[in-house]
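The following exercises are to be worked with the sequence and the coordinates at hand. Each task is followed by a solution in steps.

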Amino acid sequence: MDQLKLKLQEYYQRYQQMDQRVKPGKEEPGFEDVLDMENDILSQFGLPASRRFVQILHDFVHHGHVSDQLVDYVSKKLRAAARKYLLAPVMSDIDLLEGARDTKRSPYDVLPELGYPAQEYALFLVGELFYRRNMSAGDILDELKKMQHFDSWNDLMLLSKIHNHTTHELYAKLKKQELRFIDEFIQFTRRQEPSRLVNKRATPLEDGYTPNYKTITKVQVEDIIFDEQTTPSLFGKIKSGRGYARITISLEFSELNQILMSSDELGVEISNHIKKRLANPAAEKPTVIDIRAEFGDVLKLDNCYLEVYKPQHREGNKWVEDKDNFYFVDKILTKKEFEKRTKEAEVKRKIQECLELIGGSYVYYQRLRRLGITDEEAKLRAGLQDELLFKLSYFLNKVKE
């Protein structure tokens with residue numbers, strides 16, 4: 001149990017770092033690391049990473065301070081949830097799915113309990129086809145099993161971003177796997193997200209939400225896709241823990257060119273290739289550049305830092321961040337600019353630490369005075385014999401009150 005307490009405390013710290021948007025130039029853990037820790041903690045209790053159980057952890061990290069009492073309380077809450085979940089009657093997958101529809105349970109709860117990721121296609125199968133269109137539970141489970149067997153989640157997400165998807169080789173590949181609802185899914189996503197299919201996207205300020213920015217670098221770009229109806233998208237991987245996570249990045253043509261021109265000879269070569277494609281009216285649409293196939297290697301973005309954010313959508317009166325690893329670029333920083341920003345943030349943090357120490361000295365001074373020590377001696381012991389420093393300590397302490 002001591003090991004679990006340490007893990008919960010580490011999870012709290014990592015979540016706070018991510019929530020404060022700590023820049024990852026120092027190998028700070030990111031979103032994928034936090035998800036891995038959530039899965040690990042819940043699995044120790046025999047719980048799936050469904051939303052109702054993840055919510056227990058999210059409630060935990062939204063407390064202002066972590067303490068042994070809080071960790072004990074969360075442990076007890078997880079044990080109680082696990083006892084209730086594990087002692088519940090055993091149900092077949094079909095019964096579980098049909099019961100979920102009858103009780104209107106969230107697909108984010110149901111899918112992990114069935115052993116599938118809460119990924120966009122899986123959510124579409126359960127939430128749209130099964131819940132709303134009354135498709136049979138057996139058909140839905142068969143489709144989920146095929147997706148899991150062929151591990152086609154990323155292929156389908158890539159295909160859904162391509163304008164004329166039926167002419168792409170990925171479409172033929174997925175059809176050979178006898179997946180039944182590909183076209184319905186792509187049509188559904190395009191109806192739901194029209195802003196991704198127009199050339200100019202609305203900014204978060206125009207939409208009315210505040211994005212959660214993060215800075216990424218060392219992206220391995222495998223494909224670049226664009227056409228006259230969509231802004232360019234980069235498809236590739238980014239380091240996540242011991243492995244890599246898939247990522248999609250949408251950006252403007254000017255931003256794409258800036259990134260490519262900062263990426264040595266390969267980037268310049270790709271930039272020239274894109275210009276030729278754009279100048280050719282007979283070029284295949286959408287334009288799909290398989291970088292490894294056409295240039296012999298992936299494009300590694302080592303010389304720039306991308307400040308990105310996930311788009312958000314409304315659920316009732318709340319703005320909710322999209323679940324998939326799809327990001328918009330807000331700013332592009334050179335390595336020098338990023339290091340300068342990081343250094344400035346570090347200096348500000350050090351100054352804040354110094355101010356907190358000075359402010360705390362006044363508390364020590366007051367304690368000494370209450371013990372009957374003279375004013376002069378108390379100032380000397382608290383390190384506040386300088387009159388200006390004493391005033392600064394006094395006012396810093398007043399700010400905290």
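**Exercise 1: A core residue and its surroundings**

In this predicted model, Tyr-121 is in contact with Glu-143, Met-147, Trp-153, Leu-156, Phe-181, Ile-182 and Phe-185, residues up to four places away in sequence being left out. Task: identify which residues of the largest nonpolar core touch the most other members, and state which helix supplies the largest share of this core.

Solution.
1. The largest nonpolar core has 38 residues, and those touching the most other members are Leu-97, Tyr-121, Leu-144 and Leu-159.
2. At least two core residues come from each of the helices H5 (93-102), H6 (107-114), H7 (120-132), H8 (137-150), H9 (153-160), H10 (169-176) and H11 (182-192).
3. H7 supplies the largest share, nine residues.
4. Separate from this core is a second one of 26 residues, including Val-219, Leu-251, Cys-304 and Val-329.

**Exercise 2: The geometry and faces of H18**

Task: compare the expected span of helix H18 (residues 387-400) with the distance between its end C-alpha atoms, then determine where its buried residues fall.

Solution.
1. At 1.5 Å a residue, the 14 residues of H18 should span 20 Å; the end C-alpha atoms lie 21 Å apart, which agrees.
2. The buried residues of H18 include Phe-390, Ser-393 and Asn-397.
3. Viewed down the axis of H18, the buried residues fall within an arc of 65° and therefore line one face of the helix.
4. Helices H16 (335-370) and H17 (375-381) are among the elements covering these buried residues.
5. On the face turned away from the buried side, H18 carries the exposed residues Leu-388, Phe-395 and Val-399.
6. The N-terminal end of H18 is capped by Asp-386, with a side-chain oxygen 3.1 Å from the backbone nitrogen of Leu-388.

Notes:
Residues numbered from 1 in each chain as written. Predicted model: local features only at pLDDT ≥ 70, side-chain atom pairs only at ≥ 80, totals over all residues. Heavy atoms only, no water. Helix = DSSP H or I, 4+ residues; strand = E, 2+ residues; numbered from the N terminus. Expected span 1.5 Å × (residues − 1). Buried < 20%, exposed > 50% of the residue type's maximum accessible area, 1.4 Å probe, protein only. Arc of directions from axis to C-beta. Contact = heavy atoms within 4.5 Å. Polar contact = N/O pair within 3.5 Å; in protein donor to acceptor, adjacent residues only side chain to side chain. Core = buried A, V, L, I, M, F, W, Y, C linked by side-chain atoms within 4.5 Å.
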